[in-house]
Amino acid sequence: MDFYHFNTYNAEDFIMDDKFREIVNEGFISIEDLKDRVPLKRQEIKLAVDMLNKLQIKEFQQSPERKLEQWNRILKQQKKSFRLRFFRYAAAILILVGGGSFSYFHYKQRLAIENFVASSAINFQNTELILANGKHVGIDRIQSNIKYSADGKGVMVNDTTEMKQSVAEGAYNQMIVPHGKRSQIVLSDGTKVWINSGSRLVYLPVFKANMREVFLEGEAYFEVAKDAKKPFYVRTDAYTIKVYGTKFDVQAYKSDNEYNTILMEGKVSLEINHGGVLSKEHFLFPDHKASLSEDKEDILISEVANIDNYTAWKDGYLIFKNEAFSELLKRVSRYYNINIEVNAQMQIKHVSGKLDLKDNPERVLDGLAIISKARYAKHENKYVFYE
Amino acid sequence: MNKPDNTDYKVIWEMFIADGNKEALGLIYFSHYDLLYSFGLKYTNDNQLIEDAIQNIFSYFLKSVNHLSSVNNFKAYLLQSFRHQLINDLKRENKLKLSNQFTGGSSEYHEPEVDEIYEKEWNGRIGKTISKCLNHLSEKQKEVIFLRFQSELSYNEISVMLDITVDSCYKLVYRSLKEIRMELEQMHITSKQMILFFMNKF
């Protein structure tokens with residue numbers, strides 16, 4: 001694409017430009033990319049993005065209860081003979097709008113993949129790829145990579161072994177990554193997913209004609225390939241993320257009730273799965289994090305300071321700046337699925353640094369002991385840090 | 001963003017006018033409510049009046065379904081009908097200032113109520129400043145900015161609704177954006193000077 005004419009633009013010219021709005025709204029090239037291609041206009045581009053986001057955001061959202069109440073009043077104004085019929089209609093509308101902004105159609109879709117996830121038991125012992133025919137492909141590597149061909153039939157494992165499968169409708173594939181391992185996978189549409197330790201990704205080898213969807217348990221970082229005609233959904237057991245072409249990290253840990261989505265680029269929205277009529281679409285902007293509230297009823301959005309911290313794991317390390325020691329230990333303990341305990345004094349300690357995620361967890365704990373100026377000892381099945 | 005696809009709603013509208021299908025009208029109602037309400041806020045801060053206007057146009061649709069016809073751009077049609085209804089209601093209540101043909105003259109840019117924490121974070125910084133600048137625009141400018149960026153109507157559709165030429169519609173949008181940008185720059189410079197000032201002082 002030619003960006004030459006952007007060199008003379010001010011913020012208002014960018015906003016008026018259809019191509020620019022498309023870049024911001026659809027994200028088919030990143031804003032950072034654009035800034036690099038039009039380096040003279042970095043400031044103006046940032047300003048234009050901020051202004052445009054503000055101009056496009058919904059100013060007002062009425063509560064669903066109030067909308068329904070008013071809708072009922074509209075129907076009541078009709079003749080009495082319509083009454084009986086209206087109740088039938090009202091019930092039907094409730095179902096139709098019940099999935100919030102994602103509609104009834106997606107509700108049914110969601111059930112299909114959720115049912116599959118619920119019905120297929122797995123264990124997190126080895127890195128495994130499970131194909132459509134139920135065949136388990138074991139992968140003996142700390143860091144593996146999988147690449148699908150565009151038709152979903154060919155699967156390249158670790159750049160060396162090529163597998164073939166036939167793709168029947170509704171036959172899901174799964175990637176299982178146990179604790180202490182990682183994997184990168186390129187799906188048939190070109191979307192890249194980095195799967196973190198102790199996680200599972202479920203997807204169709206070749207997506208449906210009208211939409212793309214994956215189910216995630218654990219943590220993964222996504223770079224979704226742009227395809228305006230096929231929206232991309234990341235489903236977790238708590239909420240669904242609708243993707244508008246973008247880069248983001250999702251943490252969906254059922255056992256800790258921890259659900260976070262951190263957006264690096266582009267735009268995504270989230271909707272709680274079982275919200276019914278009360279559910280709404282929560283939009284997330286770059287450098288922000290969406291978390292599930294403790295009661296699982298709401299989505300809370302906050303800004304994140306060091307966005308790189310959330311994706312460093314995919315390159316095999318953790319970075320942390322002035323982070324609570326207990327928080328860091330939580331991440332390490334989750335990565336290796338080991339129990340780590342600290343005494344109260346250590347918990348309030350803040351640490352900064354970079355940690356290599358080595359194959360042997362004890363080598364990582366050695367590193368932790370050095371940065372935190374502490375020592376640790378192994379007691380039965382847990383590690384205890386003390387000063 | 002979550003934009004209702006215009007073509008789909010055109011089809012749903014046709015389903016409604018074919019035989020008064022209430023499910024179809026319900027879909028239109030629920031998916032356009034917030035847009036209409038936000039549009040109403042450009043003309044008045046009286047929430048009751050806005051709710052009534054929404055209720056009135058949908059009641060009208062139900063009652064007059066036999067007289068309604070298919071439209072090219074459904075969203076533009078809906079916004080146009082709502083605007084017409086609201087301005088009439090405002091006139092009736094004497095709440096529309098005669099000096100200002102289009103608005104109650106008191107419309108503020110409303111901070112989104114999407115999510116409180118979100119509002120604090122993103123709006124907190126640049127967002128708040130931009131809303132401030134938006135509030136300095138004329139009523140007409142606010143109206144046209146809303147129709148262009150929140151409703152995503154084309155210049156052609158906006159010009160028909162507001163009864164101005166496409167060219168002046170385009171210029172109005174452009175000038176508004178330029179004013180916001182220049183004011184933002186001005187604020188930025190002022191805040192930099194403030195910091196320098198304090199640094200010199202202490």
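A residue counts as buried if 20 or more other C-beta atoms lie within 10 Å of its own, as exposed if there are 12 or fewer, and as partly exposed in between. Keep that cut-off at hand for these exercises on a predicted model.

**Exercise 1. Classify B:D46 as buried, exposed or partly exposed, and place it in chain B.**

Step 1: Find the residue. B:D46 sits in the loop that links α2 and α3 of chain B.

Step 2: Count its neighbours. There are 19 other C-beta atoms within 10 Å of B:D46, so it is partly exposed.

Step 3: Look for a partner distant in sequence. B:L90 is 44 residues away from B:D46 along the chain, yet their C-alpha atoms are 9.6 Å apart in space.

**Exercise 2. Describe how the helices on either side of that loop, α2(B) and α3(B), pack.**

Step 1: Start with the geometry. The axes of α2(B) and α3 (residues 47–63) of chain B cross at roughly 145 degrees and come within 10 Å. The crossing is right-handed.

Step 2: List the residues in contact. From α2(B) come B:L25, B:Y29, B:Y33, B:L36, B:Y37 and B:G40, and from α3(B) come B:I50, B:A53, B:I54, B:F58, B:F61 and B:L62.

Step 3: Sort them by class. You should get 11 nonpolar residues, 1 polar and no charged ones.

**Exercise 3. Work out how α2(B) meets helix α5 of chain A.**

Step 1: Geometry again. Helix α5 (residues 64–76) of chain A and α2 (residues 22–40) of chain B have axes 11 Å apart, at an angle of about 140 degrees. Here too, α5(A) passes α2(B) in a right-handed crossing.

Step 2: Name the contacts. Chain A contributes A:K67, A:W71 and A:L75, while α2(B) contributes B:K22, B:G26, B:Y29, B:F30 and B:Y33.

Step 3: Sort by class. This contact has 5 nonpolar, 1 polar and 2 charged residues.

Step 4: Compare your two lists. B:Y29 and B:Y33 appear in the contact with α5(A), and they also appear in the contact with α3(B).

**Exercise 4. Check the length of helix α6 (residues 139–150) of chain B, then see what follows it.**

Step 1: Take 1.5 Å times one less than the number of residues. For the 12 residues of α6(B), the expected span is therefore 16 Å, and the end C-alpha atoms are indeed 16 Å apart.

Step 2: Note the surroundings. Buried residues of α6(B) include B:V144, B:I145, B:F146 and B:L147, and also B:K142, B:E143 and B:R148.

Step 3: Move past the helix. B:E152 lies in the loop between α6 and α7 (155–162) of chain B, and its phi is positive, about 55 degrees, although it is not a glycine. With 18 C-beta neighbours inside 10 Å, B:E152 is partly exposed.

Step 4: Try a case in chain A. A:D287, in the loop between β16 (282–284) and β17 (288–292) of chain A, has a positive phi of about 65 degrees and is not a glycine either. Its 16 C-beta neighbours inside 10 Å make A:D287 partly exposed.

**Exercise 5. Decide where in chain A the model's confidence is highest and where it is lowest.**

Step 1: Take the overall figures. The mean pLDDT of chain A is 82, with 89% of residues at 70 or more.

Step 2: Find the extremes. Helix α6 (residues 83–98) of chain A is lowest, at a mean of 47, and strand β8 (residues 192–195) of chain A is highest, at 95.

Step 3: Inspect the weak stretches. Residues 80–88 of chain A stay under 50 and have 2 contacts beyond four places in sequence. Residues 91–102 of chain A also stay under 50, with 28 such contacts.

Note on methods
Residues numbered from 1 in each chain as written. Chains lettered and ligands numbered in written order. Predicted model: local features only at pLDDT ≥ 70, side-chain atom pairs only at ≥ 80, totals over all residues. Axes fitted to C-alpha atoms, helices over the stretch in contact; angles between N-to-C directions. Helix = DSSP H or I, 4+ residues; strand = E, 2+ residues; numbered from the N terminus. Left-handed = near helix turned anticlockwise from the far one by under 90°. Contact = placed C-beta atoms within 7 Å. Nonpolar A, V, L, I, M, F, W, Y, C, P; charged D, E, K, R; others polar. pLDDT = per-residue confidence, 0-100.
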